[in-house]
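Reader: I want a close look at one part of this model, the pockets and what lines them. Keep it brisk. After that, add the remaining local detail.

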Amino acid sequence: MSLDSNPRIFTVSRLNSEVRLLLENEMGIVWLVGEISNLTVPVSGHWYLTLKDSRAQVKCAMFKGNNRRVTFKPQNGKQVLVKARLSLYEPRGDYQIIIESMQPEGDGRLQQEFDQLKMSLAAEGLFAQTAKKALPEQPKRVGIITSQTGAALFDILNVLKRRDPNLPVVIYPTLVQGANAAIQIAQAIGRANSRNECDILIVGRGGGSLEDLWCFNEEIVARTIAASEIPIVSAVGHEIDITIADFVADVRAPTPSAAAELVSRDLSSQLQIVTYQKRRLNSAMDRYLAGQQRQLSALQHRLEKQHPQMQLNSQSQKLDDLNQRLMTYMQQRLQRHQHKIENLTLRLSNLSPAKKVSQDKLRIEELKRRLLDSMDRNLLMQRHQLALAAEKLDTVSPLATLQRGYSITRNKKGTVITSTKQVNIGENITTRFVDGEITSTVVPE
C-alpha cells in the first residue's frame, strides 16, 4: 500500500506540518507569564529564549520585527508577560511559542486582567450604547464620588462654581486608591442610589499610574456603575487614561474638570448640547473604532499566518539553528585537531634527532667511561697475573738454578745435555754459569 493511497499514514515532515497548523489555527493568541532563561541573540536579530516556572518550561522565539517594539531590555531571570501564538518548529519537531509582544510582569499582568475583564463585560453587553442612560439637560443636584482631599474634588467644585454657582452638590467621600478603594466606591454609588437625592453622579479622581487607577478597573465597580439608576459620568485621570469604569459609565469625561463642565449649565445651552452630543459621538466612535480595531487585528493575524514573512521567519530560525550546530561542530573539530597536533608535537619532540643525538652522546660517554673502567680493571688484572706468572717463571727458571751453583750444558744445536750419552768425542759443548759461558771439547777418558 502506497503512502498516497492511505491518508492515515504520515511522513514525519507531513505530521509536523499538520501539528503546526493545528496549534496555530486552534489555539490562537495566548498570554503567558514566566521567567526568561537561555536568552540568545544571534546575528539575525531574532531572540530565542525559554520561559519557565517552578515546574515546567517552553521554548520561545521572538522575531526582530516584533522585538524592536519591546521597550525594556530582557534579561535571564526576569519575569515577563508575553502575548504569543503556539507553533511548532518543523525541522526538529519542537513545540514552541512565537512571541508577538513582551512586557514586564507587573504592568503586563494588570493590562492582561484589564483586557480580559473588558472583553468579558463587553460580551455581556455592559458597554452597549442601548444600556446608556441619558444625562439630564438641567440637573437639579450633582453627586460627586471621589476623595475628599484629592485635587479632583477641588477642580470639580471650582468649575461648578464658575459655571453654575447655584447648582447644589452632594459629596460622597471615598478612597480612590488602594486595596479597599473599589469596595468603598461601589458602596458610595449604592448609597447615592438609595438616598436618591441627586439626578447625576460624577465618579472619578485625578491622574496616576495604572496601579493607582486600578480600583476603577475592578469588576465590582463596573457592575455597580452599570446597575446604578442614576446616570453616571466617569472622570478618571487624564484624557489618555482609560479604565473599565469609562466603558460602563453612561458618559466618559476626559478629566474631572471636563465632567464638571459636562453636568453644569452654562449661559450658552446650545453649546452645551453640542458638546454633549460630541462627547456621545466620540464615545460611539471610540466603541466603533475599538470594534473595527478588533476585527482588523483578527484579519491581520490571519494574514500574518499566510504571509511569506512567516516562512522567512521559520527559515531564518532554521538557519540560526544550523549555524549554531555548525559552530559547535567546528569548535569540536578544531579541539580534536588541536589535541592531535599536541600529541604529534609531543611524539615529534620525543623523536627529534637533536634529542636522539644528545641521548646517544650521553650513552657514548657512559660506554666510554665503562670501557675505560673495564680496561683499567683488565690491565690491573693482567699486571697482577703477569706478576704471578713472572714469579712462577722465576721459580722454575734455569737462571735461578744457576744462581744456586748449578750450570747448564748445551750442544751446538742448543739442546740441553743431561746425560753423557748425548755427546760424542770431539764434539764442542757450551756450559753456562751464572756469570758467563765456557766452550769445551769432549775428549775420551
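Author: First, a term. Helices and strands here are DSSP runs, numbered from the N terminus; a helix (H or I) needs at least four residues and a strand (E) at least two. Keep in mind that this is a predicted model.

Start with the largest pocket. Its volume is about 1,200 Å³. The lining holds 34 residues. Closest to the pocket centre are Ile-29, Lys-83, Glu-100, Ser-297 and Ala-298. Now sort the lining by class. It has 11 nonpolar, 14 polar and nine charged residues.

Where does this lining come from? Several elements give at least two residues each. The strands are β1 (29-40), β4 (79-89) and β5 (94-104). The helices are α2 (64-67), α3 (105-124), α9 (269-306) and α10 (308-350). Helix α9 supplies the largest share, with nine residues.

Next comes the second largest pocket. It encloses about 470 Å³. Its lining counts 16 residues. Thr-40, Tyr-48, Arg-92, Asp-321 and Gln-324 are the closest to its centre. Two or more lining residues come from each of β1, β2 (47-52), β3 (57-62) and α10. Helix α10 gives the most, five residues. By class, this lining splits into five nonpolar, seven polar and four charged residues.

Two elements recur. Strand β1 and helix α10 each give at least two residues to the lining of the largest pocket, and β1 and α10 also appear among the contributors to the second.

Stay on β1 for one backbone detail. Asn-38 sits in this strand. Its phi is near 55°, a positive value in a residue other than glycine. Most residues other than glycine have a negative phi. Asn-38 is exposed, because its relative accessible area is 53% and the cut-off for exposed is over 50%.

Now leave the pockets for the open sheet. Five strands run in the order β7-β6-β8-β9-β10, with parallel pairing. β7 (169-173) and β10 (251-252) stand at the edges; each has a single partner strand, so one side of each lacks a neighbour in the sheet. For β7, pairing with β6 (residues 142-146) is parallel and spans five bridges. Within that pair, Gly-143 stands opposite Val-170 of β7.

Side chains alternate along β7. Val-170 and Tyr-172 point to one face and are buried. Val-169, Ile-171 and Pro-173 point to the other face and are not buried.

Two helices lie across this sheet's strands. Helix α4 (residues 151-163) crosses β6, β7 and β8 (200-205), at about 160° to β6. Helix α5 (residues 181-195) lies across β6, β7, β8 and β9 (232-236), and runs at about 145° to β7.

Follow α5 onward. Asn-196 lies in the loop between α5 and β8. Here too phi is positive in a residue other than glycine, near 55°. Asn-196 has 58% relative accessibility, so Asn-196 counts as exposed.

Note on methods
Residues numbered from 1 in each chain as written. Predicted model: local features only at pLDDT ≥ 70, side-chain atom pairs only at ≥ 80, totals over all residues. Heavy atoms only, no water. 1 Å grid on protein atoms, 1.4 Å probe; cavity = no way out; pocket = protein on both sides within 12 Å on 5 of 7 lines; lining within 4 Å. Points joined across faces, edges and corners; volume = space filled by probe spheres on them. Nonpolar A, V, L, I, M, F, W, Y, C, P; charged D, E, K, R; others polar. Pairing = 2+ DSSP bridges. Contact = heavy atoms within 4.5 Å. Axes fitted to C-alpha atoms, helices over the stretch in contact; angles between N-to-C directions. Buried < 20%, exposed > 50% of the residue type's maximum accessible area, 1.4 Å probe, protein only.
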